[in-house]
Amino acid sequence: MSFKLPELPYSYEALEPVVNREIMELHHKKHHQGYVNNLNAALEKYKALEANNQIDQMIAMQSAIKFNGGGHVNHTLFWENLAPKGEGGEPQGDLLKAIEHYFGSLEKLIEEMSAKTAAVQGSGWGWLGMDPQKKCLKVATCQNQDPLSAVGLIPLFGIDVWEHAYYLQYKNLRPDYVKAIWQIANWKTVNKRFEKGLAN
Ligand code: MN3
């Protein structure tokens, strides 16, 4: 079994003016496709090594699997947690209550997560996550393509702050990109992820 590039749930220009068509096309067709291709190649090589009990070389392959597998997982979550402007809805019900409980208000959550995400050193991601046991909300950042699940949190809403996600449009102004992306947040997806986390 190999992994496949998922189709976007909207067109490449659908997120304009917040994220333009050129970025979306490159990001999906080149960057995400690259993670998928490299993940599949790494897993194939890993299986061959496993068949020959080459544990030392299997261990050496693990960073490629983590990086490209994380890239695939993160981008799949990312496309689904974005929506064309005006179509993403609002936080509702239990999610809205939790946001107000843990952050004070949606505005405060946006402020905290934007500041932490814009401050990621180098390439990485900002996340709104959920603790699966305590059912509480947390803002967290990850380096490179490390998936949020690796620190034990359920990903609810992610912001890609690799330069490929914004540089063609926002240049060096990462905080402007992070501030603008909330206009295309898909709260319908975030609500669903939160409800699923509560139910488990
Ligand atoms: Mn990316």
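In the predicted model, the buried residues of helix α3 pack against α4 (106–118), β1 (124–130), β2 (137–143) and α7. Helix α3 spans residues 93–103, and its buried positions include L95, A98, I99 and F103. These residues cover an arc of only 100° around the axis, which puts them on the same side of α3. The face turned away from this buried side carries K97 and H101, both of which are exposed. After α3 comes G104, a residue with a positive phi, near 100°.

Helix α4, one of the elements against which the buried residues of α3 pack, contains T117. The relative accessibility of T117 is 0%, and because burial requires a value under 20%, this residue counts as buried. A polar atom of the T117 side chain lies 2.7 Å from the backbone oxygen of M113. When neighbours within four places in sequence are left aside, the residues in contact with T117 are G126, T141, I159, V161, R174 and V178.

Aromatic side chains were examined next. The structure holds 10 aromatic pairs. One of them is formed by F157 and W182, with a distance of 5.0 Å centre to centre and an angle of 40° between the planes, and is classed as tilted. This pair links distant parts of the chain, as F157 belongs to strand β3 (residues 154–160) and W182 to the loop between α6 (174–181) and α7 (187–199), with the two positions 25 residues apart in sequence numbering. Both F157 and W182 are buried.

A further pair involves Y166 and Y177, whose ring centres are 5.0 Å apart; their planes stand at 20°, so the pair is stacked. The assignment follows from the angular criterion, because planes under 30 degrees apart count as stacked. Here too, distant parts of the chain are linked: Y166 is located in the loop between β3 and α5 (167–170), whereas Y177 is located in helix α6, 11 residues apart. Y166 and Y177 are each buried.

Beyond these individual pairs, F78, W79, W125 and W127 are joined into a cluster by ring pairs.

Taken together, the model presents a helix α3 with buried residues on the same side and exposed K97 and H101 on the face turned away from it, a buried T117 in helix α4, and aromatic pairs that include the tilted F157 and W182 and the stacked Y166 and Y177.

Terms used
Residues numbered from 1 in each chain as written. Predicted model: local features only at pLDDT ≥ 70, side-chain atom pairs only at ≥ 80, totals over all residues. Heavy atoms only, no water. Phe/Tyr/Trp six-rings, centres within 6.5 Å; stacked < 30°, edge-to-face > 60°. Helix = DSSP H or I, 4+ residues; strand = E, 2+ residues; numbered from the N terminus. Buried < 20%, exposed > 50% of the residue type's maximum accessible area, 1.4 Å probe, protein only. Arc of directions from axis to C-beta. Contact = heavy atoms within 4.5 Å. Polar contact = N/O pair within 3.5 Å; in protein donor to acceptor, adjacent residues only side chain to side chain.
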